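This report looks at how one helix packs, at the nonpolar core around it and at the main pocket.

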Amino acid sequence: MLEKLFEKMIYDSYYEYFSTNNIINVILSGFRSGDSCTNQLTVIVHEILKSFDSSPTVDVRGVFLDISKAFDRVWHDGLIYKLRSNGVEGKALKILQSFLTDRYQRVLLNGQSSNWEKINAGVPQGSILGPLLFLIYINDITNNLENDAKLYADDTCLFSEVSDPILTANSLSDDLSKILQWAFNI
């Protein structure tokens, strides 16, 4: 109970810092106060309907992505690098490093348990800090994209109005390559 209270105090402090300094990308939704999946879907549907209502009507192409086991894939060293790059340093950074390091897990099945294994990636699910750390980790996934993007937690939507079907397909494909490159460079 006391650890959750301490974690909440840390969360509030970091969330205020990231919000005040506009660090979290505005197109990144989920795990944010006053935001929801419904808000993101409403924005995307509005953009699509706006294109349909234009004269002449314009097609919209979209690509929808979902990072499988996203919380489990947060690389600790990469997250620490991103926190440091966003101005988190000193004791504040050490607290987060401590939160992430020396974590172990094992599997219990039918009364049998596996050996304890060290965890080198992932943010603790069910924690208060986990979602915020995940947001910081994926915050730059849409940097340098050509098309519109919206993110809700680990779900990404790229969409573009079609002026030329081949150019639009190439542009969306280029953005997918950039996202793939992002995934391999973190």
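The text below takes up the helix, then the core, then the pocket.

This is a predicted model, in which local features need pLDDT of at least 70 and side-chain atom pairs count only at pLDDT 80 or more, while totals for chains, interfaces and linings use all residues. Residues are numbered from 1 along each chain as its sequence is written, and side-chain values use heavy atoms, with hydrogens and water left out.

Helix α4 spans residues 90-100, helices being DSSP runs of H or I with at least four residues, and strands runs of E with at least two, numbered from the N terminus. The table lists its two sets of residues, where buried means under 20% relative accessible area, exposed over 50% and partly exposed in between (1.4 Å probe, protein chains only).

| Set in α4 | Residues |
|---|---|
| Buried | Leu93, Leu96, Phe99, Leu100 |
| Exposed, on the face turned away from the buried side | Lys91, Lys94, Ser98 |

Seen down the axis of α4, the buried residues fall within an arc of 115°, so they line one face of the helix; the arc is that of the directions from the helix axis to the C-beta atoms. Their cover includes α1 (2-20), α3 (76-85) and α5 (130-138).

The largest nonpolar core, a set of buried Ala, Val, Leu, Ile, Met, Phe, Trp, Tyr and Cys residues joined through side-chain atoms within 4.5 Å, has 38 residues. Helix α5 gives the most to this core, with 7 residues.

The largest pocket is lined by residues including Asp72, His76 and Arg103, and its lining has 4 nonpolar, 4 polar and 4 charged residues. A pocket is an open set of points on a 1 Å grid over the protein atoms alone, where a 1.4 Å probe fits, with protein on both sides within 12 Å along at least five of seven lines, and lining residues have an atom within 4 Å of a point. Ala, Val, Leu, Ile, Met, Phe, Trp, Tyr, Cys and Pro count as nonpolar, Asp, Glu, Lys and Arg as charged, and the others, Gly among them, as polar.

Note on methods. Contact = heavy atoms within 4.5 Å.
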